[in-house]
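Colleague: Got a minute to go through this one with me? I would like to start with the ligand and then pick at some single residues.

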Amino acid sequence: MAEHWLIAGANRGIGLELARQLKARGDRVTASVRNEEARAALAALLAPQHAEVETLIFDTRDFAAMQKAAEAVSAPIDVIVANAGAFGPALQSALGVDFDAALDLFSVNALGPIRVADAFLARLKGSSNPRIALISSELGSMSNVNPSTAIYSSTKSALNKLAQCLAVELKPRGVTVVALHPGWVKTDMGGPNAPLNVTESATGLLATLDGLTIEDSGGFLNHRGETVAW
Ligand SMILES: NC(=O)c1ccc[n+]([C@@H]2O[C@H](COP(=O)([O-])OP(=O)(O)OC[C@H]3O[C@@H](n4cnc5c(N)ncnc54)[C@H](OP(=O)(O)O)[C@@H]3O)[C@@H](O)[C@H]2O)c1
């Protein structure tokens, strides 16, 4: 059954491939980008078969812009994928921190997905299986200690805790919330040495998201649907 998906951060990388695969299988996609240039680029990347993807423009640090964008989307949305994220400052050590850059990264990676979920939450009304996927990383796992990615990893740890709490808050409303690790993927962020390509990651993420029910809410899963340690 075709569903309506919101993909936040869809002009490149994993988000772009999610949008591409969803359109190819006949789902409705609302995709967010950050500016008109990216909107045109996305349309070109998805053309000619999938040019009709609906696009919204917002930065996930701008809650007011997202609230306004949400008003323009016809409900219901079935799945919100808060995918937008960044790696942040070149120096990632917990010593010598660039505090302004680190704070900005927390706004993008930890609070950004929560802003997306909050701004579009009302649009899930009417879905028979509403789901929210917060794209995290296994680098945020407390059992994965890597000082060379301390800043990025800690933003994803914070997102994981927010995911757990949001799942508990939304369970009574029947909304499933999970944190998802997409694997280590060849993208601008993942780099050329990553073992997975975007096709494999997105295919696995969609299979995982397709199978989610409220019983799965509060989980931390990877692109193979396996549980990741918090
Ligand atoms: N690649 C990996 O190996 C890997 C592993 C674990 C987790 N992840 C996570 O997976 C997600 C996607 O990663 P990716 O590898 O596809 O990264 P990517 O290729 O660098 O793409 C990042 C996407 O996020 C958007 N974005 C960044 N900051 C934004 C903001 N403030 N507001 C709105 N959009 C913003 C970018 O838009 P612009 O083009 O406008 O910058 C772009 O569409 C991220 O959350 C990342 O942390 C990736």
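Modeller: What follows covers the ligand site, then a few residues elsewhere, and the model is a predicted one.

Colleague: Fine. Which residues come nearest to the ligand?

Modeller: There are 28 residues around the ligand, and the nearest are Asn11, Arg12, Tyr152, Val185 and Thr187.

Colleague: How do the residues of that shell divide into nonpolar, polar and charged?

Modeller: Ten are nonpolar, twelve are polar and six are charged.

Colleague: And which helices each supply at least two residues of the shell?

Modeller: Helix α1, residues 13-24, and helix α5, residues 150-170, each give at least two.

Colleague: What does Thr187 do at the ligand, in terms of distance?

Modeller: A polar atom in the side chain of Thr187 is 2.5 Å from a ligand oxygen. As for cover, the ligand taken alone exposes 900 Å², and 93% of that is buried by the protein.

Colleague: Which part of Asn83 lies 2.8 Å from the ligand, side chain or backbone?

Modeller: The backbone: an N or O atom there lies 2.8 Å from an oxygen atom of the ligand. With Asp59 the side chain is involved, since one of its N or O atoms is 2.9 Å from a nitrogen atom of the ligand.

Colleague: Where does the ligand sit, as pockets go?

Modeller: The space it takes is the largest pocket.

Colleague: Back to α1 for a moment. Is Gln21 buried or exposed?

Modeller: Gln21, which is in helix α1, counts as buried because its relative accessible area is 17%, and the cut-off for buried is under 20%. Its C-alpha atom is 24 Å from that of Leu121, a residue 100 positions away along the chain.

Colleague: Changing topic. Which peptide bond is cis?

Modeller: The one from Ala75 to Pro76, with omega near -5°. Pro76 is in the loop that runs between α3 (63-71) and β4 (79-82).

Colleague: Why flag it?

Modeller: Because most peptide bonds are trans.

Colleague: What about the loop before α3, where Arg61 is found?

Modeller: Arg61 is in the loop between β3 (54-57) and α3. It is classed as partly exposed because its relative accessible area is 33%, which falls between the 20% and 50% cut-offs. The C-alpha atoms of Arg61 and Leu105 are 9.8 Å apart, with their positions 44 residues apart along the chain.

Colleague: And Arg34, buried or exposed?

Modeller: Arg34 is exposed, because its relative accessible area is 53% and the cut-off for exposed is over 50%. Arg34 is placed in the loop between β2 (28-33) and α2 (36-46). From its C-alpha atom to that of Thr60 the separation is 8.6 Å, and the two residues are 26 apart along the chain.

Colleague: Now a strand. Where is Thr176, and how accessible is it?

Modeller: Thr176 is in strand β6, residues 176-181. Its relative accessibility is 1%, so Thr176 counts as buried. The C-alpha atom of Ile132, 44 residues away along the chain, is 6.1 Å from that of Thr176.

Colleague: Last one. What joins the side chains of Ser107 and Arg115?

Modeller: A polar contact of 2.9 Å. Ser107 lies in helix α4, residues 99-120.

Colleague: Is Ser107 buried or exposed?

Modeller: Buried, because its relative accessible area is 15%.

Technical notes. Residues are numbered from 1 along each chain as its sequence is written. This is a predicted model: local features need pLDDT of at least 70, side-chain atom pairs count only at pLDDT 80 or more; totals for chains, interfaces and linings use all residues. Side-chain values use heavy atoms; hydrogens and water are left out. A residue is near a molecule or strand if one of its heavy atoms lies within 4 Å of it. A polar contact is a pair of N or O atoms within 3.5 Å; within protein, one must be able to donate a hydrogen and the other to accept it, and residues adjacent in sequence count only if both atoms are side-chain atoms. Accessible areas come from the Shrake-Rupley method with a 1.4 Å probe; for residues, only the protein chains shown count as cover. On a 1 Å grid over the protein atoms alone, a cavity is a set of points where a 1.4 Å probe fits but cannot get out, and a pocket is an open set with protein on both sides within 12 Å along at least five of seven lines; lining residues have an atom within 4 Å of a point. A molecule sits in a cavity or pocket if more than half of its atoms lie within 2 Å of its grid points. Helices (H or I, at least four residues) and strands (E, at least two) are DSSP runs, numbered from the N terminus. Ala, Val, Leu, Ile, Met, Phe, Trp, Tyr, Cys and Pro count as nonpolar, Asp, Glu, Lys and Arg as charged, and the others, Gly among them, as polar. Buried means under 20% relative accessible area, exposed over 50%, partly exposed in between (1.4 Å probe, protein chains only).
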